[in-house]
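Here is a quick tour for anyone opening this model for the first time. Have a look at the picture below, and then we'll walk through a few of its details together.

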Amino acid sequence: MSKLEILKNRQERLKSEIIALLDDYLIGSIGKSPSMSGHNLTTKVDGKTVTLYARKAVVPKALEMGKRYNKMWTLIQKLSKVNWELLNLENK
């Protein structure tokens with residue numbers, strides 16, 4: 001198998017993994033302040049940081065969604081690296 005074929009296969013695999021994560025992801029963080037009894041969700045909206053109260057029942061789901069975003073971001077970085085290598089091969 002040529003290097004081009006290996007990179008194309010890796011590219012397709014990474015794209016599939018990214019697509020699988022697109023349904024439930026969240027850019028933000030869940031935290032708990034010592035002075036508060038509940039959790040809060042913090043994210044950016046229109047360039048401003050906003051914080052929402054998060055009920056205890058949704059905290060595990062929000063945490064999982066945050067983990068999915070982090071995994072997706074890592075996969076996007078890997079895909080970018082593969083795309084860079086493909087462009088370098090095609091440029092020769």
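Let's start with a term: a salt bridge here is a side-chain nitrogen of Lys or Arg within 4 Å of a carboxyl oxygen of Asp or Glu. Keep in mind that this is a predicted model. So how many salt bridges does a search of the whole structure find? The search turns up two.

One of them joins Glu-12 to Lys-15, and another joins Arg-13 to Glu-17. Here they are side by side:

| Salt bridge | Closest N and O atoms | Relative accessible area |
|---|---|---|
| Glu-12 with Lys-15 | 3.2 Å | Glu-12 43%, Lys-15 34% |
| Arg-13 with Glu-17 | 2.7 Å | Arg-13 45%, Glu-17 27% |

Where do these residues sit? Glu-12 and Lys-15 are both in helix H1, which covers residues 3-21. They are three residues apart, or about one turn of the helix. Arg-13 and Glu-17 also belong to helix H1, and because they are four residues apart, about one helical turn separates them. As for exposure, Glu-12 is partly exposed, and Lys-15 is partly exposed too. Arg-13 counts as partly exposed, as does Glu-17. In general, side chains of opposite charge can pair when their charged atoms come close.

Now for the strands. Three of them make an open sheet, in the order E1-E2-E3, with antiparallel pairing. E1 (29-31) and E3 are the edge strands, each pairing on one side only. On average, neighbouring strands in this sheet are turned by 30 degrees against each other, ignoring direction.

E2 and strand E3 (residues 48-54) are paired antiparallel over seven bridges. Together E2 and E3 form a hairpin, with two residues between them. In that turn, Asp-46 has a positive phi of about 55 degrees. Looking at single pairs, Lys-44 has Thr-49 in E3 as its bridge partner, while Asn-40 stands opposite Tyr-53 in E3.

Asn-40 is worth a stop of its own. This residue lies in strand E2, which spans residues 39-45. Is Asn-40 buried or exposed? Asn-40 has 13% relative accessibility, so it counts as buried, the cut-off being under 20%. Leaving aside residues up to four places away in sequence, Asn-40 touches Ser-29, Ile-30 and Gly-31, as well as Thr-51, Leu-52, Tyr-53 and Ala-54.

Definitions and conventions
Residues are numbered from 1 along each chain as its sequence is written. This is a predicted model: local features need pLDDT of at least 70, side-chain atom pairs count only at pLDDT 80 or more; totals for chains, interfaces and linings use all residues. Side-chain values use heavy atoms; hydrogens and water are left out. Buried means under 20% relative accessible area, exposed over 50%, partly exposed in between (1.4 Å probe, protein chains only). Contact means heavy atoms within 4.5 Å. Two strands pair if DSSP finds at least two bridges between them. Axes are lines fitted to C-alpha atoms, for helices over the stretch in contact, and angles run from 0 to 180 degrees between N-to-C directions.
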